[in-house]
Structure formats: C-alpha cells, structure tokens
Amino acid sequence: MSLISCSSLLNSTPAGRFPPVKATTRISSRLQKNQVAREKNAIVNNTLGHGSRRGFLIFMLPLVSSGLLVSFSASGKVKGLNSYNEKRILEQNRKMQAANNVPEDFPSFIREGFQVKVVASNNYQKRDSGLIYLDIEVGNGDCPKDGQQIIFHYVGYNESGRRIDSTYLQGTPAKIRLGNKTLVPGFEEGIRDMRPGGKRRLIIPPELGPPVGPSTFFSSKQFEVFDVELLSVQDCQRRTIGFYSDFVCG
C-alpha cells in the first residue's frame, strides 16, 4: 500500500484530545470514569496489534539516560508510572516484539493510557520536532529536493513490532514527488535529508503521524516505526499535450 497521507483525501479532525467546553450540566463521575476507561482500553488494544491496520501509512520529549538506553517521554496528562509497573510493561512489550521477530536495535514502548515512553539505544537521535531516527547506513549523493521524485522501500511497524506494511513484500518500491504534502509529516521529514543508498529507521510520534479520528483509518494515536531505504532521486519535468499536463521523471 502507499505511504501517501489521507489528508488530501479525507477531511479529519484532531483526535486524542478533548476540546475545552464549558460545563453547562452536571455529569456523573461514573460516566466520566467509564469514558476514560474505554479510551484507554481502545489504545491499549491497538498497541497490542489487534486488528489489521495495513494501508494508509506513510508513522516536550524530555531526555532521560539510563545506561545504554535512552527514554523519550511523550504526551499525556496521566499519573506517572512507578518503576515496577514500567519494568513490567517494558517486559511485556519486548516479549510481543520478540514474538513478531523485530529487527536488531528496535525501540521498545512503555504505554499507560495516553502516556508513552520510547526506550531505545543511544544510537538514536531526536530532533526538536519530536522525530527520532537511527541511520543504519548513510548513502551517497545529494539529498532530495521539492519537485524531485524519490524511489524508496519501506517496512512499517506498530508499537508491538507487528509489521503493518512493506513494499518489499509488495515487490515494488514506492515513488512520489516531494513538496506536495502528500506524505505523513514525520516520514517526509525523515527522508528529506537521506542520500541515495541510505537506510534509516524512523520513530514517528503521533503529532507527526497520520491523522486520526472517526473519519480516518486510525482510531488512536500511536508511534509508528519505519525502516526506510532510499533507492534513488530523479529530476522531473512538466509535460503538456493539448489540455493534458503531467510530470515526467527519470
């Protein structure tokens, strides 16, 4: 499936945050607790990889070091986890990832409701935007520019390490022209400064990921992980035949 974002096809509204609304009626605390429980269960189930999410992907972070691991905390006004619960959730996540045969140096995720910590080796780097990445292999040549066509392979994973999309399995690489805002923001940011022949792992936070909500394919905000291989970069020229116009790349 394509990594093209659905933002150009579907009208969506931000999800995962409750808009500030003045209270005009008294709502029972039991109903509020039930609603929060449903939201948390939906996210946890999605994290565990229940159901297929193939298709439509391209995927305040304080830094805390611990040995050879780096912890990236992300969003959520939720009571902090104690060390025992964090260790237990981390072990569960790693067991699921092992069952899914994740590649070497794959990040782990500690999720409790809306609160998430990304645990990765210190080989990873974090940008101000929130994007986390690891250069597996640096390519050669010039980085792609707006208007150029990029040809690339990718494998997409969810937080449990389950593969949710792969151009390798599809047998053909993806192609797209940069600068049209059709890629998921975090994916486009991560591939823009790659060089042909390079391989990179992207950890895309929810705020740089695909839109979520009832009008999209995604029901909750999650981190997405992509292994990307940039094969080549091609120049493009506009071609006009009568009333027809397109771009020819190569």
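Is F187 buried or exposed? It's buried, with a relative accessible area of 0%, and it makes a handy starting point for a walk through this predicted model.

First, the overall picture. The protein chain has four helices and 13 strands. Of its 250 residues, 42% are buried. The accessible surface comes to about 14500 Å², and carbon and sulfur atoms account for 53% of that.

Back to F187, then. The largest nonpolar core has 19 residues, and F187 is among those with the most contacts inside it, along with F152, I191, L202 and V228. At least two core residues come from each of β7 (149-157), β9 (174-177), α4 (185-192), β10 (199-204) and β11 (224-234). L202 gives a feel for the packing: leaving aside residues up to four places away in sequence, it touches L131, I132, Y133, G186, F187, G190, E224, V225, F226 and V228. There's also a second, separate core of 13 residues, and F106, V118, V155 and V225 are included in it.

Now for the rings. The count of aromatic pairs comes to seven. Take F106 and Y157: their ring centres are 5.1 Å apart and the planes meet at 70°, so this pair is edge-to-face. F106 sits in the loop between α2 (83-99) and β3 (108-112), while Y157 belongs to strand β7, so the pair ties together parts that are 51 residues apart in sequence. Both F106 and Y157 are buried. F152 and F187 make another pair, this one tilted, at 5.6 Å centre to centre with 45° between the planes. Here strand β7 provides F152 and helix α4 provides F187, so parts 35 residues apart in sequence are tied together. F152 counts as buried too, at 1% relative accessibility. F152 and F187 also join Y154 and F226 in one aromatic cluster.

A ring can have a charged partner as well: the charged end of R177 sits over the ring of F247, 3.8 Å from its centre.

Last stop, the cysteines. Searching the whole structure turns up one disulfide, formed by C236 and C249 with their sulfur atoms 1.9 Å apart. The torsion about the S-S bond of C236 and C249 is about 105°, so the disulfide is right-handed. C236 lies in strand β12 (residues 236-241) and C249 in strand β13 (residues 244-249), so the link ties together parts 13 residues apart in sequence. How do the two partners fare for exposure? C236 counts as buried at 18% relative accessibility, because the cut-off for buried is under 20%. C249, with a relative accessible area of 23%, is partly exposed.

Definitions and conventions
Residues are numbered from 1 along each chain as its sequence is written. This is a predicted model: local features need pLDDT of at least 70, side-chain atom pairs count only at pLDDT 80 or more; totals for chains, interfaces and linings use all residues. Side-chain values use heavy atoms; hydrogens and water are left out. A disulfide is a pair of cysteine sulfur atoms within 2.5 Å. Buried means under 20% relative accessible area, exposed over 50%, partly exposed in between (1.4 Å probe, protein chains only). A nonpolar core is a set of buried Ala, Val, Leu, Ile, Met, Phe, Trp, Tyr and Cys residues joined through side-chain atoms within 4.5 Å. Contact means heavy atoms within 4.5 Å. Accessible areas come from the Shrake-Rupley method with a 1.4 Å probe; for residues, only the protein chains shown count as cover. Rings of Phe, Tyr and Trp (its six-membered ring) pair if their centres lie within 6.5 Å; planes under 30 degrees apart count as stacked, over 60 as edge-to-face and the rest as tilted. A charge sits over a ring if NZ of Lys or CZ of Arg is within 6 Å of the ring centre and within 35 degrees of the ring normal.
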